[in-house]
Structure formats: structure tokens, C-alpha cells
Amino acid sequence: MTKRNTIQRQLVIAAVRFLADHPTAEEVYDRITMEYPDISKGTVYRNLNSLVESGLLGKVSVPSRADRFDHILTRHYHIKCTHCGMFMNVEDMDYIEGLDEKVGEVTGFKMEDHDIVFNGVCPECQKLEAKEKN
């Protein structure tokens, strides 16, 4: 059964693309309500999950944090600043094909998927830390 292309679905996709920085569901909701204040939070959350299930958006699970949504559907890695919370793609790095299978062979798990989020301190926060030390 195909999903209808409702205005709400279009608004959610447009918000994720506009924000382009891997927004959380709450950030997507906040963006949409700027122009459409009557949309419910439940509608936004339902549509995000439906779009992920349909393969039209990606979801990045972040341990101990809210899931983030991605409009780039090719496999890639992400990095998060542990100081300011900036979340972005790791550019110019090849995706390691077959990683799921290798982990499955070692652990005996039947692999479904994985999300890798690297954590570190971004260049801007490093500069601020250096200024504070001086």
C-alpha cells in the first residue's frame, strides 16, 4: 500500500531539508509551526517515522539523545561535538561496505543495520578552549 503524499508529509520533508543539520523531531516540529501553527506534534512525529519507513528520510540513532533525521540517503558517517552539540556529516570519508556482515560473523548476530556517530570537540570549541586557557 502506497502512502499518500499529504501536505503534512511534504512539510516534514521540506523542514528536514531546510534545517539540513540532522534535526531532531522537536526541531522539525518547531520549524513547521513557524508557518503552520495548527499542526500537531503527533502528526509531525508520525510523518517522520512513516517517511523513514518509506525510505524517504534517514534516521540516526544517537545514544542517550534524541534521534536525528537526515535527508541524505546514501550511507555515511556522522560526528557530534561533545561541547556545543553540533552534529554533522563526516565528509570525504568512504563508507565501509560489509561492516554489518563482518560484525555478524564475529558475534553470531543476524545484523540489521548500524549507526556510527563519532564524538569529539569541534574546531570552534577547541579555539574557545584555547582562548580560555590564555
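This report describes the helices, the sheet and selected residues of a predicted model.

**Helix 3 and its surroundings**

Helix 3 covers residues 41-53, 13 residues in total. At 1.5 Å a residue it should span 18 Å, and its end C-alpha atoms are indeed 18 Å apart, so the expected and modelled spans agree. The buried residues in helix 3 are Thr43, Val44, Asn47, Leu48, Ser50 and Leu51. The packing partners of these buried residues are helix 1 (7-19), helix 2 (25-35) and strand 2 (68-70). After the helix comes Gly55, which has a positive phi near 80°.

Asn47 is a residue of helix 3. Its relative accessibility is 11%, and because buried means under 20%, Asn47 counts as buried. Leaving aside residues up to four places away in sequence, Asn47 touches Thr6, Gln8, Arg9 and Val12.

**Helix 1 against helix 2**

The axes of helix 1 and helix 2 lie 9 Å apart, and the two helices pack at an angle of about 105°. Angles of 65 to 115 degrees count as roughly perpendicular, so helix 1 is roughly perpendicular to helix 2. On the helix 1 side, the contact is made by Leu11, Val12, Ala15, Val16, Phe18 and Leu19. Helix 2 contributes Glu27, Val28, Arg31 and Ile32. Sorted by class, this contact holds eight nonpolar and two charged residues, with no polar ones.

The loop between helix 1 and helix 2 contains His22. Phi of His22 is positive, near 60°, although the residue is not a glycine. With a relative accessible area of 4%, His22 is buried.

**The three-stranded sheet**

An open sheet is formed by three strands in the order 4-3-5, with mixed pairing. Strand 4 (87-89) and strand 5 (117-120) are the edge strands, each pairing on one side only. From one strand to the next, the twist averages 30°. In general, the strands of a sheet pair through backbone hydrogen bonds, either parallel or antiparallel.

Strand 3 (residues 78-81) and strand 4 run antiparallel and are joined by three bridges. His78 has Asn89 of strand 4 as its bridge partner, and Ile79 is bridged to Met88 of strand 4. The hairpin of these two strands has five residues between them, and there Gly85 takes a positive phi near 85°.

Strand 3 and strand 5 run parallel, and four bridges join them. In strand 5, Phe118 stands opposite Ile79. Ile79 thus has a partner in strand 4, Met88, as well as one in strand 5, Phe118.

**Residues with positive phi**

Asp92 is another residue other than glycine with a positive phi, near 55°. Asp92 sits in the loop between strand 4 and helix 4 (99-107). Its relative accessible area is 84%, so Asp92 is exposed, whereas His22 is buried at 4%. The table lists the positive phi values given in this report.

| Residue | Phi | Place |
|---|---|---|
| Gly55 | near 80° | following helix 3 |
| Gly85 | near 85° | hairpin of strand 3 and strand 4 |
| His22 | near 60° | loop between helix 1 and helix 2 |
| Asp92 | near 55° | loop between strand 4 and helix 4 |

Notes:
Residues numbered from 1 in each chain as written. Predicted model: local features only at pLDDT ≥ 70, side-chain atom pairs only at ≥ 80, totals over all residues. Heavy atoms only, no water. Expected span 1.5 Å × (residues − 1). Buried < 20%, exposed > 50% of the residue type's maximum accessible area, 1.4 Å probe, protein only. Contact = heavy atoms within 4.5 Å. Axes fitted to C-alpha atoms, helices over the stretch in contact; angles between N-to-C directions. Parallel < 35°, antiparallel > 145°, perpendicular 65-115°, else oblique. Nonpolar A, V, L, I, M, F, W, Y, C, P; charged D, E, K, R; others polar. Pairing = 2+ DSSP bridges.
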